[in-house]
Amino acid sequence: MTSVPINVPGGADRCLVMGVVNVTPDSFSDGGKWFGADAAVQHGLDLVNQGADIVDVGGESTRPGAARVPLDEELARVVPVIRALAADGVVVSVDTMRAEVARAAVEAGARLVNDVSGGLADPEMPRVVADTGVSYVVMHWRGHSHDMESRAVYTDVVTEVREELSKRVDLVMAEGVTEEQIVLDPGLGFAKNAEHNWAVLAGIPQLAELGFPLLIGASRKRFLGRLLAEPDGTPRPFSRSDDATLAVTALAAHAGAWCVRVHEVGPNADAVRVAAAWKRAGAGT
């Protein structure tokens, strides 16, 4: 690993936990619950109290089939929330594909830009990240939500995700983003079916060989609900996938993930500490 992009108290020897604040009416697992600045800010503070190292604030759903929101609406949703949380000392990231939103978020106090498109949706994004100097999550992405499922075609998903992420890193660094700013996200669920997602998770060690910290976002995603389906094939609801998320968190942390992005923070904060203790014990044998 070439860098530690964000230092947080007590986080140097374990995987970090990023808590999700969706300031949206239509996010796949909790859309509408925190739609409004006051509710979103309080939820962000609650996540910190539960053990979140970073709070990820997003104003646009990226669930399959979701339509994009206007720029002004996205700004109105996230900037007040980020400003309030940052003023309270919270380490905040902004979940956005728009350079203008990223710049406004950093001005409001965000310390990380979590761009699910890896700079492909807005070519200005890498330059904004370079200008501001904040950390930058480059996610594996093949297209917007309305058509990403049609792009889930691979011969060897781990190899192809690794190669495509490597190309994105080269391109964003050509725009001035430094190696120390970059975090990679293999994009679970984005242009990937369940089989692809499991292969990517098993391939965390190979992806880590790229030399960058890895963010893993498996929380409440459909492939978990399908794994835990009822006997008649009915997938388990998103809100009942938290135990499965917990298992992925522990395994991902043990495999070397830098951070996990989750909805239910408390148990996952425990899980990363368990994984860290396990790794320390193994290192001492």
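Which residue follows helix 2, and what is the sign of its phi? I looked this up before anything else, keeping in mind that the model is predicted. Gly89 comes after helix 2, and its phi is positive, near 90°.

**Entry: helix 2**

I stayed with helix 2, which runs over residues 71-87 and has 17 residues. I took the distance from its first C-alpha to its last and got 24 Å, close to the 24 Å expected at 1.5 Å a residue. I then listed its buried residues: Glu74, Leu75, Arg77, Val78, Val79, Val81, Ile82 and Leu85. Two charged side chains, Glu74 and Arg77, are among them. I asked next what covers these residues, and the cover includes helix 1 (37-50), strand 2 (54-58), strand 3 (92-95) and helix 3 (99-108).

**Entry: helix 1**

Since helix 1 is part of that cover, I turned to it. Its 14 residues should span 20 Å at 1.5 Å a residue, and I find its end C-alpha atoms 20 Å apart, which agrees. I noted Ala40, Val41, His43, Gly44 and Leu47 as its buried residues. They cover an arc of only 160° around the axis, so they sit on the same side of helix 1. As a reminder to myself, an α-helix has 3.6 residues a turn, so residues three or four places apart point the same way. On the face turned away from the buried side I found Asp38 and Asn49, both exposed.

What covers the buried side of helix 1? I found strand 1 (16-22), strand 2, helix 2 and helix 10 (265-283) among the covering elements. Helix 1 and helix 2 thus appear in each other's cover. I also checked the residue just after helix 1: Gly51 has a positive phi of about 120°.

**Entry: the chain as a whole**

I stepped back and counted ten helices and eight strands in the chain. The radius of gyration is 17 Å, close to the 19 Å that the globule rule gives for 285 residues, so the chain is as compact as a globular protein of that length. Along the principal axes I get a C-alpha trace of about 45 × 45 × 40 Å. I find 54% of the 285 residues buried. Of the contacts with a separation of 6 or more, 69% are between residues 24 or more positions apart. The accessible surface comes to about 12000 Å², and carbon and sulfur atoms hold 53% of it.

**Entry: aromatic pairs**

How many aromatic pairs does a search of the whole structure find? I got one. The ring centres of Trp198 and Phe223 are 4.9 Å apart and the planes stand at 80°, so I logged the pair as edge-to-face, the cut-off being over 60 degrees. Trp198 belongs to helix 6 (residues 194-202) and Phe223 to helix 8 (residues 222-227), so the pair ties together parts that are 25 residues apart in sequence. I compared the burial of the two partners: Trp198 is partly exposed, at a relative accessible area of 33%, whereas Phe223 is buried, at 4%.

**Entry: helix 6**

The pair led me to the rest of helix 6. I have His196, Asn197, Val200 and Leu201 down as buried. Their arc around the axis is only 135°, which puts them on the same side of helix 6. Glu195 and Ala202 are exposed on the other side. The cover over the buried residues includes helix 5 (157-174), helix 7 (204-208), strand 7 (215-216), helix 8 and helix 9 (242-255).

**Entry: Thr245**

From helix 9 I picked Thr245. Thr245 is buried, with a relative accessible area of 2%. Leaving aside neighbours within four places in sequence, I find Thr245 in contact with Ala218, Ser219, Arg220, Leu224, Val262 and Asn268.

**Entry: Cys259**

Is Cys259 buried or exposed? I read 0% relative accessibility, so Cys259 counts as buried. Cys259 is in strand 8 (residues 259-262). Not counting residues up to four places away in sequence, Cys259 touches Cys15, Leu16, Val17, Met18, Ile54, Leu214, Leu215 and Ile216. I also took the distance to Tyr154, which is 105 residues from Cys259 along the chain, and the two C-alpha atoms are separated by 26 Å.

Technical notes: Residues are numbered from 1 along each chain as its sequence is written. This is a predicted model: local features need pLDDT of at least 70, side-chain atom pairs count only at pLDDT 80 or more; totals for chains, interfaces and linings use all residues. Side-chain values use heavy atoms; hydrogens and water are left out. Rings of Phe, Tyr and Trp (its six-membered ring) pair if their centres lie within 6.5 Å; planes under 30 degrees apart count as stacked, over 60 as edge-to-face and the rest as tilted. Helices (H or I, at least four residues) and strands (E, at least two) are DSSP runs, numbered from the N terminus. Buried means under 20% relative accessible area, exposed over 50%, partly exposed in between (1.4 Å probe, protein chains only). The expected span of a helix is 1.5 Å times one less than its number of residues. Contact means heavy atoms within 4.5 Å. The radius of gyration is taken over C-alpha atoms; the globule rule is 2.2 Å times the number of residues to the power 0.38. Accessible areas come from the Shrake-Rupley method with a 1.4 Å probe; for residues, only the protein chains shown count as cover. The arc is that of the directions from the helix axis to the C-beta atoms.
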